[in-house]
Amino acid sequence: MSASASGPNPDGSVAKLIEIAEQQTLGQRLIGWASRPPGRLYIPACALVGLVLLFEDSVPAGHLPTFIVGLVGGLLLAGMGALRLGIALAVARPMIRRYWLRWVSAPLIAFVAIGLAVADVPLQTRVSASTDQLLELREDTGVATAVSRNGEWTGLYPLRSVSQDGDVTHYAIEGAGLFQPAGLAHSTEELPVGVFVPGQGSRIYERVSDDWYVWVDH
């Protein structure tokens, strides 16, 4: 029997030494990760979270499930981005200058999403697109008692019920409100906002646009 066959495997020993030598520490892995610009997963994830938050803002008084998803996802992505940028500024500034567009994409997405939400653009746009169908439903019902809708879509909103109280029509929207029921109200007469209105129970109104208001049941 030859010595090469009976002795230890030299190729296996060399491969084991290479494997051990190539193992990186946590710090080295973080530096390697931060030295690469944001890629195909991070930027689309930021865009997805931005869309989730815009959808949440388009629901009167918010939508709890998408609010939680957007908040948790946004904080996670913001933390990852801040950590990555901090490390890159310390050890890989040339990479930031070279791939600057990819580095600014995530903050730009966040800026646009927050700006649109603060201006109430998603809510106003969704209400405007649903106005004709909602007003048509008001004409079809025209009663003082609530009419159950069981989540049936009218325009771009699923409704729980619709009711008319004098000149004010209330649309209870499925899933609307972070902690209390909420919906839309239509009134040709101006309603006081931010206060309880006599004859309107525990509802508080906020102006959307034109004759449309958001109501929240407190």
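**Figure 1. Three elements, α4, β5 (203–209) and β6, each supply at least two residues of the lining of the second largest pocket.** The model shown here is predicted. The second largest pocket holds about 190 Å³ of space. Its lining counts 17 residues. Those nearest the centre are Pro60, Ala61, Leu123, Glu206 and Val214. Which element gives the largest share of this lining? Strand β5 does, with five residues. By class, the lining of the second largest pocket divides into 10 nonpolar, two polar and five charged residues.

**Figure 2. The largest pocket encloses about 460 Å³ of space.** A total of 23 residues line the largest pocket. Closest to its centre are Cys46, Gly74, Ala78, Ala106 and Ala110. Three elements, α4 (42–58), α5 (64–91) and α7 (100–118), give two or more residues each to this lining. Helix α5 gives the most, with 10 residues. How does the lining of the largest pocket split by class? There are 18 nonpolar residues, four polar ones and one charged one.

**Figure 3. Cysteine 46 sits in helix α4.** Cys46 is one of the residues closest to the centre of the largest pocket. Is cysteine 46 buried or exposed? Its relative accessibility is 10%, so cysteine 46 counts as buried. The cut-off for buried is under 20%. The view also takes in glycine 70. Cysteine 46 and glycine 70 are 24 residues apart along the chain. Their C-alpha atoms are separated by 9.9 Å.

**Figure 4. Tyrosine 171 and tryptophan 212 form one of two aromatic pairs in the structure.** A pair of aromatic rings is described by the distance of the centres and the angle of the planes. For tyrosine 171 and tryptophan 212, the centres lie 5.7 Å apart and the planes meet at 40°. This pair is tilted. Where do the two partners lie in the chain? Tyrosine 171 is in strand β3 (residues 168–173), and tryptophan 212 is in strand β6 (residues 212–217). They are 41 residues apart, and the pair links distant parts of the chain. Tyrosine 171 has 0% relative accessibility, so it counts as buried. Tryptophan 212 has a relative accessible area of 4%, so it is buried too.

**Figure 5. Tyrosine 205 and tyrosine 213 form an aromatic pair of the edge-to-face kind.** The ring centres of tyrosine 205 and tyrosine 213 are 6.4 Å apart. What is the angle between the planes? It is 80°. Planes over 60 degrees apart count as edge-to-face, which means that this pair earns the label. Both tyrosine 205 and tyrosine 213 are buried.

**Figure 6. Arginine 203 lies over the face of tryptophan 215.** How far is arginine 203 from the ring centre of tryptophan 215? The distance is 5.2 Å.

**Figure 7. Arginine 149 makes a polar contact with threonine 154.** The contact joins the two side chains at 3.2 Å. Arginine 149 lies in strand β1 (residues 147–154). Is arginine 149 buried or exposed? Its relative accessibility is 17%, so arginine 149 counts as buried.

**Figure 8. Aspartate 120 has a positive phi value.** Its phi is near 60°, in a residue other than glycine. Where is aspartate 120 placed? It is in the loop between α7 and α8 (121–141). Aspartate 120 has 29% relative accessibility, so it counts as partly exposed.

**Figure 9. Aspartate 210 also has a positive phi value.** Its phi is near 50°, and the residue is other than glycine. Aspartate 210 is placed in the loop between β5 and β6. Is aspartate 210 buried or exposed? Its relative accessible area is 60%, so aspartate 210 is exposed.

**Figure 10. The chain has eight helices and six strands.** These elements set the close-ups in context. Read along the sequence, the pattern is α-α-α-α-α-α-α-α-β-β-β-β-β-β. How much of the chain is buried? Of its 218 residues, 34% are buried.

Conventions: Residues numbered from 1 in each chain as written. Predicted model: local features only at pLDDT ≥ 70, side-chain atom pairs only at ≥ 80, totals over all residues. Heavy atoms only, no water. Phe/Tyr/Trp six-rings, centres within 6.5 Å; stacked < 30°, edge-to-face > 60°. Helix = DSSP H or I, 4+ residues; strand = E, 2+ residues; numbered from the N terminus. Buried < 20%, exposed > 50% of the residue type's maximum accessible area, 1.4 Å probe, protein only. Lys NZ or Arg CZ within 6 Å of the ring centre and 35° of its normal. 1 Å grid on protein atoms, 1.4 Å probe; cavity = no way out; pocket = protein on both sides within 12 Å on 5 of 7 lines; lining within 4 Å. Points joined across faces, edges and corners; volume = space filled by probe spheres on them. Nonpolar A, V, L, I, M, F, W, Y, C, P; charged D, E, K, R; others polar. Polar contact = N/O pair within 3.5 Å; in protein donor to acceptor, adjacent residues only side chain to side chain.
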